[in-house]
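Take a look at the sequence and the structure below. The text after them walks through charged pairs, aromatic rings and a sheet.

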Amino acid sequence: MSVINSYAQDFNNAIQLLKSYKLDDLEKLQPTLKLNQSEFDYLNNQKQLIINGTTDSLIDFKIDSSSIKNSTLKLILLGDYYLFKNIPEDSLAYSYYSKAVNTALKTKDTILITESCKKIFKQLFKTRHSLDGYPIYLDIYKDYLYDANEKATYSFHLYNYEGSEHRLEKIASLKLVLSAIKDKDLSFLKAKINQLIGVEFDYFKKNSDSSLVYYLKAKELMQEKPYQFYRNELFGINANIGLIYLRKEDYENAKKYFQFSNSINLPKYRFVEKVKINELLADIELQSNNWENAYSYLKSRNAYSDTLNEYSKATKITEINTKYETEKKEKEILQLSNDNLKSEAKRKQNQNIALGLAGSLALGSIIAFLIFKNTKRKQKLAEQDKELETQKLATVLKEQELTTIDAMIEGQEKERQRIANDLHDDLGGLMATVKLHFNALKEKQTPELYAKTNQLIDEAYEKVRSVAHAKNSGVIAKQGLLKAVQQMADKVSVLNKIKINVIDHGLDERLENSLELTIFRIIQELITNIIKHANATEANIHITNHEDTLNIMVEDNGKGFNASQITKTKKGMGISSIDKRVAHLDGTLTIESEHNQGTTIIIDIPI
């Protein structure tokens, strides 16, 4: 194991306080420490990240990072910027963290190696790079474990990465890690380990009582600090506790912990979690016949869903506008260049005429040369005019794309208006009738009047449920993505003499209905391509939920094709339609194919 250099001791002291989240102590100690500018900037940015949970404070750094001289610290901060920004870019974060590890290894600086490794573990855990990257960086990290904190952190990530075998041994090992650091002031790390043990008991051992003990301990530890970094973790812990009580049909406790989660502010890109929590709260209130509360939670659920959709669309529109403005400026520059060229050509032409009138036959060769040059300029102008027309067409296409997005937003607004009208015209009138019956029941109680009032209440309940689940119309909404894909595969296998297999992982819960419908159409188009073009006898559809990313892989044993010939401008075989659908979901599409070796299409969609 490497030894910490003496010149870095002050930075190490600061890192120890940072690892324990003792930010007040770090604030007091920092003025007395001998730190270079790189170390000073790094500590300040890490403090802001813990306090606020975002990288807003890193925006200035991203614009001008020249002040940070240490290349490893600079790379870590760039990774932080892309991992924790409002719209994370995981691939860029992974790239910068990886470079930080390699740079730190070259200098053999123990502190920077461990810091950069821990950063990459956070990124690897939330992306599908995890299985590839974890063993590599765990192997590097284990050689630089210079204190109890680092050893415990290594154990946490090691057991977090390991598969589903030997669950009891894994739980026992995690308990030993907790015992080793019980006297250390490491509340965040202890909370994460308790949370991981709770997950092991909850989802793999099906022992909800034991998992509840560890979840509650994790919650207690996470509440010790007032920082947003801690509160973001509390959201998931409270939600897990609520789900345990929901399975026990203890609706009061389930509601209490779901409300704890719902009270925590999350960034907009995580509003999908807010949507799910409000759906669960609405279902609990419906179970208790609390119509008003159920309606309130459904309104919140729709508000979070709308905000998430509008946020994604606004980001897309901003991106399109930026490209449009860039193209517009380039067009103006090109037009100005054309005007200058035409002016120069006219001046040269007049000069050529003057030389021809004043000269003699001896100057014939010079005139011919000038005419040749003039012809070349005209050809160049013609090419530039053609390029201008191409850019005009691109601008028109962008404007059409903006119009399409506006139409989508308008459609959502009409749907919201329709639901509001249903509530006002249908449910509002029904509830007014119920009120009249209650007043009559108060004055004159009869079995017939009581039965009629009870019938009206049941009818109101059904109206609320029908409005709440209006979005779930259609075949996909009724049966879900997985079942719809399986049914399609069964039908295709019978009718087209091709065997379609569906392999899923992590699809225990439903996705948002419009997302499921779009994904189904994508898979349907891919299977249609296989039937039409591949001459395949077997195809596999893999659908894997990685929590924040849905991975779809469709492979066949057909004749294949040259994937390098499939370009953005000329895709063919329905690929263009699929690519547009994937791009609209901010996803990525990869094609792998060789002649007579089959075809594999991989799609990653953020969820």
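A residue counts as buried when its relative accessible area is under 20%, and as exposed when that area is over 50%; values in between are called partly exposed. The model shown here is predicted. With that cut-off in hand, start with Asp-80. Its relative accessibility is 0%, so Asp-80 is buried.

What does Asp-80 meet in a salt bridge? The partner is the side chain of Lys-119, with an N to O distance of 3.1 Å. Asp-80 belongs to helix H5 (residues 71-84) and Lys-119 to helix H7 (residues 110-125), so the bridge ties together parts that lie 39 residues apart in sequence. Lys-119 has a relative accessible area of 6%, so Lys-119 is buried as well.

A second pair spans a long stretch of sequence. Asp-202 and Arg-247 join their side chains in a salt bridge, 2.5 Å from N to O. Asp-202 sits in helix H11 (residues 187-204), while Arg-247 sits in helix H13 (residues 228-247). The two residues are 45 apart, and their pair links distant parts of the chain. Asp-202 has 5% relative accessibility, so this residue is buried.

Now turn to a pair within one helix. Lys-217 forms a salt bridge with Glu-220, and their closest N and O atoms are 3.9 Å apart. Both residues lie in helix H12 (residues 208-222). They are 3 residues apart, about one turn of the helix. Are these two residues buried, exposed or partly exposed? Lys-217 has 35% relative accessibility, so it counts as partly exposed. Glu-220 has 46%, so Glu-220 counts as partly exposed too.

How many salt bridges are there by this rule? The count comes to 16. Some residues join up in a network of salt bridges. Lys-19, Glu-115, Lys-118, Asp-147 and Glu-150 are linked in this way.

One charged residue stands without such a partner. Glu-39 lies in helix H3 (residues 37-52). Glu-39 is buried yet has no salt bridge. The nearest side chain of opposite charge belongs to Lys-34, 12 Å away. A salt bridge needs a side-chain nitrogen of Lys or Arg within 4 Å of a carboxyl oxygen, so that pair does not qualify. What does Glu-39 contact, leaving aside its neighbours within four places in sequence? The contacts are Phe-11, Lys-34 and Leu-73.

Phe-11 leads on to the aromatic rings. A search of the whole structure finds 10 aromatic pairs. One of them joins Phe-11 and Tyr-42 edge-to-face, with 6.2 Å between the centres and 65° between the planes. Phe-11 lies in helix H1 (residues 9-19) and Tyr-42 in helix H3, so this pair ties together parts that are 31 residues apart in sequence. Phe-11 and Tyr-42 are both buried.

Tyr-227 and Tyr-230 also form an edge-to-face pair, at 6.2 Å centre to centre and 65° between the planes. Both of these tyrosines are buried. They belong to one aromatic cluster, together with Tyr-21 and Phe-188.

Next comes the sheet. It is open, has 5 strands and shows mixed pairing. The strand order is E1-E2-E3-E5-E4. Which strands stand at the edges? They are E1 (499-505) and E4 (588-593), each with a single partner strand, so one side of each is left without a neighbour in the sheet. On average, neighbouring strands are turned by 10° against each other, direction ignored.

Look at the strand pairs one by one. E2 (residues 538-545) and E3 (residues 549-556) run antiparallel and are joined by 7 bridges. Asn-545 stands opposite Leu-550 in E3. E4 and E5 also run antiparallel, joined by 6 bridges. Here Ser-593 stands opposite Thr-599 in E5. The hairpin of E4 and E5 has 5 residues between the strands, and Asn-596 in this hairpin takes a positive phi near 65°.

Two helices lie across the strands. Helix H21 (residues 513-534) lies across E1, E2, E3 and E5 (599-606). Its direction is at about 15° to E3. Helix H22 (residues 575-584) lies across E4 and E5, running at about 145° to E4.

Notes
Residues numbered from 1 in each chain as written. Predicted model: local features only at pLDDT ≥ 70, side-chain atom pairs only at ≥ 80, totals over all residues. Heavy atoms only, no water. Helix = DSSP H or I, 4+ residues; strand = E, 2+ residues; numbered from the N terminus. Buried < 20%, exposed > 50% of the residue type's maximum accessible area, 1.4 Å probe, protein only. Lys, Arg positive; Asp, Glu negative; His and termini not counted. Contact = heavy atoms within 4.5 Å. Pairing = 2+ DSSP bridges. Axes fitted to C-alpha atoms, helices over the stretch in contact; angles between N-to-C directions. Phe/Tyr/Trp six-rings, centres within 6.5 Å; stacked < 30°, edge-to-face > 60°.
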